[in-house]
Amino acid sequence: MTDHILSQNSPAAHDIDIARSRETRRHRLNAVLRYALLTAVGLLMLYPLIWLIGASFKTNSEIFSNPGFWPENPTLDGYIKGWKTSTPYSFGTFFLNTLWIVIPKVIGTAISCTAVAYGFARFDFPGKKILFAALIATLLLPNVVTRIPQYLIFRDLGWLDSYLPLWVPSALAGDAFFVFMLVQFLRAIPRDMEEAARVDGATTWQTLIFIVVPLLMPALISVCLFQFMWTMNDFLGPLIYISSVDKYPISLALKLSIDTTEAFEWNRVLAMSVLSLAPALAVFFLAQKYFIDGISSGGIKG
Amino acid sequence: MSGDNRFLGLIYLSPFVIGLLVFTALPFIASLYLSFTNYNLMNEPVFTGLQNYIRLFTGDRTFRKSLWVTLVYVFTTVPLKLAFALFMAVILNYKLKFINVFRTAYYVPSILGGSIAIAVLWRYIFADVGLVNMGLTTLGFEPVNWFGDPTNALFTITLLRLWQFGSAMVIFLAALQSIDKTLYEAASIDGAGKWTSFVYITLPLITPVIFFNLIMQMVQAFQEFNGPYIITQGGPLKSTYLLPIYIYDEAFKRFDMGYASAIAWVLFLIIMALTLIAFWSSRHWVYYAGDKRS
Amino acid sequence: MARLQLRNLEKDYGSFRAVHGINLDVEDGEFMVLVGPSGCAKSTTLRMIAGLERVTGGEIRIGGELVNDKTPGDRGISMVFQNYALYPHMKVRKNLSFSMRLKRRPSAEIEQATNHVSSLLEIDPLLDRLPKQLSGGQAQRVAVGRALIKKPQVFLFDEPLSNLDAKLRASMRVRITDLHKRLKAENQQATVIYVTHDQTEAMTMGDRICVMKDGRIMQVADPVTLYSRPANTFVAGFIGSPEMNFLDGTFEGPESVGAADQTISLGADFTRRLSGEPSGGVTIGIRPQHLRIAAAETPGTLKGKLNRIEFMGHEVYLYVDIGPKRIIAVVPSASYDRGALRDDWVWLSPDPKGVHLFDRQSGENISLAL
């Protein structure tokens, strides 16, 4: 009997060990290859950004001579001169202008999209199917086709050269993507708690404020973050509607700084570029999980 | 519920309804009307019938060039971007450490990519003495004339879009990670290798996501504006003069609103047609879980 | 006047009628249980009383007032939900006081009411916890507390114990019925409508039970009546465990019925219970507890093949095949006598008082005349 017992030294156990270590080696090789590829692509992708930050601290001449990203003689010259800009206004003014667009837009979006999503997700009313179909249609609609008449409408309203055209449509739940995202999120939440609130005597409005909004918070935060990022990057909107330089948001101000002359001070422009990206980057890193969760759930559950 | 006004839901929808009518439905119809007129903002629009469209398709060389450039741009960037995003998602879909770091690293360009700052950076990077050429000369190659050569210019714009593959990749990665691992185990028992598993299990199961990304990317690509406008101003020789830029120039530089509307409608119809084709074709290649069709 | 009145209450979903014109009166302070298998529309009925579903026909009156068009908050009802439905972002204290805060009651009043209710339900130590930090039983007590604090005219319970384990269910049953008694003793509003699918819960808790099937009321009665005088085969089979045995049979004259080619004698008095002479076939219903083992070959008894025996302690369950039909007899262990069997054949004699005859077509009980 004893000679059939499997021991560490028996041939069968030995074969298993060989197979297992071959498996581990294959796995390890696979992982190493992946790491190598991922790192290479990652560095290639991020180098422009890394270089940008480094370049903003370089002198103008060094920018065109040194491809490495670490400045030889770091200087704040780009930032100081860039802040002053070649206009009568400092970059700070342009930053403030951007806030005057972003903040009303984000707040308006949050409020209106919540109310509209609540309406779609929790109520039945005549015309619901048509309106929901319209929502989906808006989602897929290329807005190039509505841009010109929108301009004419705003002109007739006297809103040209103001920030109103940039955030009022969003305050009317104009961003179908966010409404859709909130509707999907709401659909996954059971109605029990809202029913309990109604039995407790709450009106639909009170139910929305005290019960639904707290439950909706993670999705709402995602919505606000996305809207913040997209609005900070918005260029075409301000380009069409803002004509006075003193009202320029940073996207237009940046364009202005490369428009002026052919040979301009690159280090100033790059410094201001870094500053204009800083808020978006900061917000992204602080609230990463809301971004990734938002985009993957909005994308899949759609 | 009992006691609630039948139209209560509509009251909550009212911002949307107002916005829909004023800022979407009305402009949509108005732009169609405008495309049949001659309107330069000073006087009233003058009805001109099909004149704009005739001019577009017979005499307008800029339009033909712009249309061609746009189509080339869309049909190169969309497949390439999706393929690359899927490829990287597949690489990332493994038991690795730092997955989140890589994912973030690839995603960051997507959130910044549409900004003016990045466009400005791109203009520098591909300048004659910019970063790319500096790198090329260091490695012993000849510097390339990026913005002076029509093909190269389009390449720089294309590259900018491909650089932003992160957002599509994140969606693909989530889809890949949601596939039931036991399916692969069953497949390997059935004798399927890595590639076969990928083709017969992974791909079919993520077709809904591929479809979604395809539509989204295509619609976005057709409306690309910031990049070409800032980096190359549509040149050289209109080699990066995408249709949205043409529309903008006609509407807000030349104030030929009628003509611009006509171009916008042509672009719109092209996008719609391609979207419909995609939807129609999806029946044949998109697999939805819970579908009884094989 | 009844505290709750349902008159011809109907609920349609498009072309599908879920509730078919039901009528029910629930007296002041009564503990009324709605029971039935899933799909019988008991929850739908409850939700219509609560106002969470719109009424498509008929009337609901609470305290004499028509409430069809009133919002759930305006009807004088409160509800305990199956999944507790506590507000997850509020502490227990805030969960309890929500209804009062909505009415902007003074904070002293709110605090007093909260403390009273939490001591009543023994949830004082939990007041500063969030719902996710509570166990199932604790959460359910908070849900009951939330209902109590509103001092409604009618309390509605929607299968509140079905998410709890068996032991908790038993103790919560007692807690709820004790609470009910206490409220009545203190002369407070204590009318309860309690929905469950569990007939044990129904029988042990209800003053009266309303048995429902497919959106219709099968019978409304107190537990004893429901058990001993079921109005139809559905109620007879639903109430009581193990289920009542049903055999297809014929009425064969004043003293006997026939089933499975056998004649069962029921005694001279049996006909007096019948409301009329049954013409067609009948369904014979006998509860397992009303069958006794008779001596072998006793005439007028039910003969069958013993398939299985389960020894339950002080009772024995006998599974007997009468032809293709399997019936159960439950007899005291002391009376179980192996000697009465012949090769697994057993003779069962029914207690005539426990035999019911139902019209085979309608299922109606035709033996309730006495």
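The domain assignment splits chain A into domain 1 (1–48) and domain 2 (82–300). In this predicted model, the centres of domain 1 of chain A and domain 2 of chain A, taken over C-alpha atoms, lie 49 Å apart. Chain C is also divided, into domain 1 (4–237) and domain 2 (243–359), and the corresponding separation of centres there is 40 Å. The contact between the domains of chain C takes five residues from domain 1 and seven residues from domain 2. On the domain 1 side of that contact, two residues are nonpolar, three are polar and none is charged.

The domain bounds and the separations of centres are set out below.

| Chain | Domain 1 | Domain 2 | Separation of centres (C-alpha atoms) |
|---|---|---|---|
| Chain A | residues 1–48 | residues 82–300 | 49 Å |
| Chain C | residues 4–237 | residues 243–359 | 40 Å |

**Contacts between chains**

Between chain A and chain B, the contact takes 65 residues from chain A and 74 residues from chain B. Helix α1 (residues 11–55) of chain A gives the largest share of the chain A side, 12 residues. By class, that side of chain A has 44 nonpolar, 16 polar and five charged residues.

Chain A also meets chain C, in a contact that takes 18 residues from chain C and 12 residues from chain A. On the chain C side, β6 (77–80) and α2 (92–102) of chain C each supply at least two residues. The chain C residues that touch chain A divide into 10 nonpolar, six polar and two charged.

**Chain B**

Chain B has 294 residues, of which 41% count as buried. Its secondary structure comes to 13 helices and two strands. Along its principal axes, the C-alpha trace of chain B spans about 80 × 75 × 35 Å. Of the contacts in chain B between residues at least 6 apart in sequence, 70% join residues at least 24 apart.

One residue of this chain can be followed in detail. B:Asp256 sits in the loop between α12 (243–253) and α13 (257–285) of chain B. B:Asp256 counts as partly exposed because it has 19 C-beta neighbours inside 10 Å, while a buried residue needs 20 or more. Setting aside neighbours within four places in sequence, B:Asp256 is in contact with B:Asn40 and B:Glu250. B:Asp256 and B:Thr37 are 219 residues apart along the chain, and their C-alpha atoms are separated by 9.8 Å.

**A sheet in chain C**

Chain C holds an open sheet of four strands in the order β2-β1-β4-β5, with antiparallel pairing. The edge strands are β2 (16–26) and β5 (65–66) of chain C, each of which pairs on one side only. Strand β1 (residues 4–13) of chain C pairs with β2(C) in the antiparallel sense over seven bridges. C:Leu9 stands opposite C:Ile22, which belongs to β2(C). Helix α1 (residues 42–50) of chain C packs on the sheet and touches β1, β2 and β4 (57–62) of chain C. The direction of this helix makes about 115° with that of β1(C).

How values were computed:
Residues numbered from 1 in each chain as written. Chains lettered and ligands numbered in written order. Predicted model: local features only at pLDDT ≥ 70, side-chain atom pairs only at ≥ 80, totals over all residues. Buried ≥ 20, exposed ≤ 12 C-beta atoms within 10 Å, placed from the backbone. Contact = placed C-beta atoms within 7 Å. Nonpolar A, V, L, I, M, F, W, Y, C, P; charged D, E, K, R; others polar. Pairing = 2+ DSSP bridges. Axes fitted to C-alpha atoms, helices over the stretch in contact; angles between N-to-C directions. Domains from an automatic or database assignment.
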